[in-house]
Amino acid sequence: MTETPTTRVLLTGATGFLGQAVLERLLSAHEGVHVTAVVRPKGSVTGEQRLRQLLRKPVFRPWREALGEEEARRVFAERTAVVEGGLSALAGIEQPFDVVIHSASTVSFDPPIDEAFTTNVGGATGLYDALLASGQDPHVVHVSTCYVGGIAKGLRPEAPVDHDVDWAAEFEAALAAHREAEMASRAPERLQALIDEATAGHGKEGPKSVARAAEAARQEWVRTRLVEYGRTRAQSLGWTDVYTFTKALGERVAEQKWAGAGHRLSVVRPSIIESALRHPYPGWIDGYKVADPLIMAYAKGALPEFPGLPDSVLDVIPVDLVVNAIVALAVGGHRGPEGQLTEPGAQAPEPGYYQVCSGASNPLPFHQMYENVHTFFTAHPLEDADGAPIRVPEWRFPANNAVERSLALKERLSAVGGKLTTVLPATSRTREWASSLHRMQSGLGSLRTYVDLYQSYTRTEMIFDDARTRQLNDSLPAGTPEDRTVDVRAIDWTDYWQNVHLPALTEMTKAYGRLKAASRRRSAPKRALREGTDVLAVFDLEGTVLDSTVVRQYLQLRRHTLGPARWPAELAELVASAPTYVKAERRDRGEFIRAFMRRYEGVPAETVRELVAGPLGEDMRRLLRPGALARIQEHRAAGHRTVLVTGSFDLLVEPLAELFDEVVAGRMDERDGVMTGYLAVPPLVDEARAQWLAKYAERGGYDLSRSYGYGDSHADASWLSAVGHPYAVNPDLALYRLARRNHWTVEDWKRA
C-alpha cells in the first residue's frame, strides 16, 4: 500500500501501552493517515472521552510541544475517530479501511482461562468476522508475541507455529470451564466450607459480614480454579502459560479466517517490550511492564535469589522499535517472502511474520542484564521506609529446586505464624510482629508469583530469528530517521540499562511513592479537627475509652457485694465458665455479652446504683485512658457530637455520662427491683451498631463521611467501616490486621 492522504487505519488496543505509542507515531510522523480506534467505555467515561484523554499522556508530550497545545487538539480531533465498545461493536462495520492494526490483548501472563480466551481468541474472532462481513480487503497487521511457539529450544523461525490445536474447541472449553467452576463453587459442601472459614475470620463482625466474606471467597475460589485451569491446560499442550497459548490461537484465527480467505496479513511478534530507546523520548514507559516488577523487587531487596539461567538470553526490545515495525508495515504495505510489495487484490498472498526481538542479532544474556541492574542500584539505591539506602543482594543463580525448597519452607512458616496471630493476645509487641508477618507474607506472595511466572522467560533456551524484520528495516526509504528504524543491532545494552530504562523505571517508582505518601498525608489524622455540627464522634467503651472489660467491671462490682466467704466460690465458678465465654466471644460479641450478663441475676439494681455513685464509679474514672480523654475534648471543642456506645448496660456507665453528649447502652431487665440476668433489648454490637449508626445519622442530619469512629475489637469493624474516619485504638490483632490492610489509623490511647 502506498501512503495517500486518504489512508484510513482501524486500530484496536489504542489505550494500551503499545497501542497509544502506535497512535502517536501515526499522527506525528504520517500526515496522510486517519485513525479510527475501537475503545470500550469504562464506567461513566465513554470510549471517545478515553481516546481524547490519551492526548494528555506523556507519549504525546513532544508532539504537543512541537505543534502547540491548540493545534495538537485540532489535529487530533480531525484525524481520529472512535468506535464505541469492544470488538463485537464492529459487527456491521460500513466505513472503509485500508489498514487494520490489531493490538488489543490481555496484559496478564496468568489470567483466568475464560478471560484470556475471550480477549485473545474471541477478540480476534470478532474482528475478522466483522471484516469478512464488510466485504473489505484491508491489510491487517496482527500483533502477537515471539513466545507463541511454546516450550521449545533452539532457533524459532519467523513462520506459522507448528501445532494442530483446534482453537474453536479450546475456546468453547474455556467458556465451559467458567460455567463448571461456578457450579462447583456452589456445591453445598464447598459453600459450607466457605461459610465456616468466613465465620472463623469474620464472625465477630456480624452475619452480613460473614456472608460477604463467604461470597468473596467463593468468587476468589472460582478465579483461582480458572487460573490453574488455564496454566495447566497451556502446559499440557506445550505452552508456558495461558497468555502465550491464547496468543498462538489468536494467530491461528487470523491465519484461517483472514489470510485463509485470500487477504493480506502481517503478524508482528515482539519479545519482552520495555521502555523506549529514542521515541517519543528515551525511557518513555507507561506503567510497569513484563520484566519491571522483577527488577524493582530486586532493587527493594525482596529477591535474595532467583532461579534463572545466567547464560540464557533475556529477549528484551524497546517499545519504539516494535512501533516502528508496525507502522512500517501499515504505511508501507504487505510484503512477500522476498520483501516485495503485495498489491491490494493479489491472489492469496502468504502471511508475513516479523519477530521484533534482540536475541538473534544483539543478544542480552540474563547475567548481563543482572549485572547492569546490580551496578545501577548499587550506585543509585532505593531507600527503605526510614530513608536508609537499600543494599541489593548478590545473585549466584542456584538450581531451581534450591530456590523452590527455600521458598516452600518460608511459606509453611508464615502459615504457622498466621495461625498464631488468631490466638495471641493484642500487645504492642504482638501487633508489631503481626505487621512484620503481614509484610513477609506479602513478599512471599510476590516472590511465588515471580518464580512461577518469570522463570520460564529467564530460563529459556530459545532464540528468535529476526531475518525478515532485518529485511523490513533494510527496505525503509533512504534517509529514514534513526528513530524510525527497526535495527536492534544499534542498541548498546549497557547504555540502555544504565542511562535509559533503569533511570526511567526508578523515577516512575519514586513518582508512585510520592503519590502514596501524599495519599497517606491526606488520610493521616489531623491534629486540629475541622469544626462542624453535622459530625459525629462515636466511641466504643471497653478497651477503647476504658482500660477495662465487662468481666473486670463485674468482678469490681461483686467484690463490693459479696462477702469474703462467698468470693472464692464466685471466682472458681467464673474460671470454670471461662472456656465457654471465650468460645462465645470468638463466635459473636453479642452472644458473649448475653451469656455473661446472666451472672447479674439476682443483683438488686439499687445496689448497683449506689456502688456506681460511689467506689465503683471512682474505679471506672481511674481506668479512663488518657488518650481517650484528650480526643473527646478535641471533638467537643470542634462542635462534634460525641456519642459513647456500649454493649454493656446503662447503670454501669453512668460515671462517664458527663464526658459525652449522649450515651447509648443496653438496659437490664428487672423484676421487683432485682436484675433477672436478661437484657431488655439486644446488645448494640457489630452489625447492629452499624445499622443503629446509619439510622442515628439520618435522623439527626449527621454526615457519616465526615464522622469519626473509635473501636478496639474486630467486632467493631462493621460500624467503623461506616464512618469516614475510622480509628483502631489499641486494637486486637484481628482489627489491627484489618486496619493496616484498609489504611485505617491505629492509635495507642494508653498514653495522652
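Buried means under 20% relative accessible area. The legends below describe close-up views of a predicted model.

**View 1. An aromatic pair between helix 10 and helix 12.**
Both Tyr-298 and Tyr-370 are buried. The count of aromatic pairs in the model comes to 27. In the pair shown here, the ring centres of Tyr-298 and Tyr-370 are 5.8 Å apart and the planes meet at 75°, so the arrangement is edge-to-face. Tyr-298 belongs to helix 10 (residues 292-299) and Tyr-370 to helix 12 (residues 366-379). With 72 residues separating the two tyrosines, the pair links distant parts of the chain.

**View 2. An aromatic pair within helix 23.**
The rings of Trp-692 and Tyr-696 form a tilted pair, with 4.9 Å from centre to centre and 35° between the planes. Both residues lie in helix 23 (residues 686-700), and because they are four residues apart, about one helical turn separates them. Trp-692 has a relative accessibility of 17% and therefore counts as buried. Tyr-696, with a relative accessible area of 8%, is buried as well.

**View 3. A cluster of aromatic rings.**
Ring pairs join Phe-539, Phe-660, Tyr-708, Tyr-710, Tyr-727 and Trp-749 into a cluster.

**View 4. The open sheet of seven strands.**
Strands of this sheet pair in parallel, and their order is 3-2-1-4-5-7-10. At the edges are strand 3 (80-84) and strand 10 (352-356), each of which pairs on one side only. From one strand to the next, the twist averages 20°. Helix 2 (residues 47-54) packs on the sheet, where it touches strand 2 (33-39) and strand 3. The direction of helix 2 makes about 145° with that of strand 3.

**View 5. Strand 7 beside strand 10.**
Strand 7 (residues 265-270) and strand 10 run parallel and are joined by five bridges. Arg-269 has Gln-355 in strand 10 as its bridge partner. Strand 10 is an edge strand of the sheet.

**View 6. The surroundings of Thr-469.**
Thr-469 is located in helix 15 (residues 467-474). Its relative accessibility is 4%, so Thr-469 counts as buried. When neighbours within four places in sequence are left aside, the residues in contact with Thr-469 are Glu-158, Tyr-354, Gln-355, Val-356 and Val-486. Among these contacts is Gln-355, the bridge partner of Arg-269.

Conventions: Residues are numbered from 1 along each chain as its sequence is written. This is a predicted model: local features need pLDDT of at least 70, side-chain atom pairs count only at pLDDT 80 or more; totals for chains, interfaces and linings use all residues. Side-chain values use heavy atoms; hydrogens and water are left out. Rings of Phe, Tyr and Trp (its six-membered ring) pair if their centres lie within 6.5 Å; planes under 30 degrees apart count as stacked, over 60 as edge-to-face and the rest as tilted. Buried means under 20% relative accessible area, exposed over 50%, partly exposed in between (1.4 Å probe, protein chains only). Contact means heavy atoms within 4.5 Å. Two strands pair if DSSP finds at least two bridges between them. Axes are lines fitted to C-alpha atoms, for helices over the stretch in contact, and angles run from 0 to 180 degrees between N-to-C directions.
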